[in-house]
Amino acid sequence: SVFTVLVAGGGFKGGCVVGSSDEKGEIVKERPVYPSDLLGTMYLLAGIDASAKLPHPWGLDAYVLDTENEGMQSAGLLEEIL
């Protein structure tokens with residue numbers, strides 16, 4: 001339930017830590033972050049609309065990022081590092 005990632009450049013603010021875990025690094029202690037939050041923030045900085053609809057060969061609804069209706073968890077964009 002906890003992950004670590006390092007991002008640099010591309011418009012990210014440097015020297016920031018977002019969220020924290022318990023002393024063993026196993027459980028989120030504060031400010032949960034999901035992979036979709038990081039991806040959405042990266043897309044925003046790249047000028048990509050994460051909620052944009054994509055073409056699908058079968059005419060199905062497909063989006064840049066899944067939605068919460070499709071089971072994606074999100075705690076929001078990483079405003080702390082923008």
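**Close-up views of a predicted model**

Leu-44 sits in helix 1, the stretch covering residues 35-46. Everything shown in these views comes from a predicted model.

**View 1. Four leucines make a nonpolar patch on the surface.** Leu-44 shares this patch with Leu-45, Leu-77 and Leu-82. Together they give a nonpolar area of about 290 Å². How accessible is Leu-44? Its relative accessible area is 45%, so Leu-44 counts as partly exposed. If you're finding your way around, start from helix 1 (residues 35-46), where Leu-44 is found.

**View 2. The largest pocket holds about 560 Å³ of space.** Of the 25 residues lining this pocket, Phe-3, Thr-4, Val-5, Val-17 and Val-18 come closest to its centre. What kinds of residues make up the lining? There are 15 nonpolar ones, along with seven polar and three charged. Strands take part too: strand 1 (20-21) and strand 2 (28-30) each bring at least two residues to the lining.

**View 3. Arg-31 and Glu-80 pair up in a salt bridge.** Side chains of opposite charge can pair when their charged atoms come close. Here the closest N and O atoms are 2.7 Å apart. Which parts of the chain does this pair tie together? Arg-31 belongs to the loop between strand 2 and helix 1, while Glu-80 belongs to the segment after strand 4 (62-63), so the bridge links parts that are 49 residues apart in sequence. Both partners are partly open to the outside: Arg-31 is partly exposed at 23% relative accessibility, and Glu-80 is partly exposed at 32%.

**View 4. Another look at Arg-31, this time at its backbone.** Most residues other than glycine have a negative phi. Arg-31 isn't a glycine, yet its phi is positive, near 55°. The place to look for Arg-31 is the loop between strand 2 and helix 1.

**View 5. Lys-53 meets Asp-61 in a salt bridge.** The N to O distance between these two side chains is 2.8 Å. Is Lys-53 buried or exposed? With a relative accessibility of 52%, Lys-53 counts as exposed, since the cut-off for that word is over 50%. The count for the model comes to two salt bridges; the other view of a bridge shows Arg-31 with Glu-80.

**View 6. Gly-15 and Ile-81 sit 8.8 Å apart, C-alpha to C-alpha.** Along the sequence, these two are separated by 66 residues. Gly-15 is in the segment before strand 1. Its relative accessibility is 90%, so Gly-15 counts as exposed.

**View 7. Val-28 and Leu-45 have 26 Å between their C-alpha atoms.** How many residues apart are Val-28 and Leu-45 along the chain? The answer is 17. Val-28 is part of strand 2, and it is partly exposed, with a relative accessible area of 35%. Leu-45 should ring a bell, as it's one of the leucines in the nonpolar surface patch.

**View 8. Glu-79 and Val-5 are 16 Å apart in space, C-alpha to C-alpha.** In sequence, the gap between them is 74 residues. Glu-79 is found in the segment after strand 4. At 53% relative accessibility, Glu-79 counts as exposed. As for Val-5, you've met it already: it's among the residues closest to the centre of the largest pocket.

How values were computed. Residues numbered from 1 in each chain as written. Predicted model: local features only at pLDDT ≥ 70, side-chain atom pairs only at ≥ 80, totals over all residues. Heavy atoms only, no water. Patch = residues over 30% accessible without salt bridge, like charges linked within 9 Å, V, L, I, M, F, W, Y side chains within 5 Å. Areas by Shrake-Rupley, 256 points an atom, 1.4 Å probe, with all protein chains shown as cover. Helix = DSSP H or I, 4+ residues; strand = E, 2+ residues; numbered from the N terminus. Buried < 20%, exposed > 50% of the residue type's maximum accessible area, 1.4 Å probe, protein only. 1 Å grid on protein atoms, 1.4 Å probe; cavity = no way out; pocket = protein on both sides within 12 Å on 5 of 7 lines; lining within 4 Å. Points joined across faces, edges and corners; volume = space filled by probe spheres on them. Nonpolar A, V, L, I, M, F, W, Y, C, P; charged D, E, K, R; others polar.
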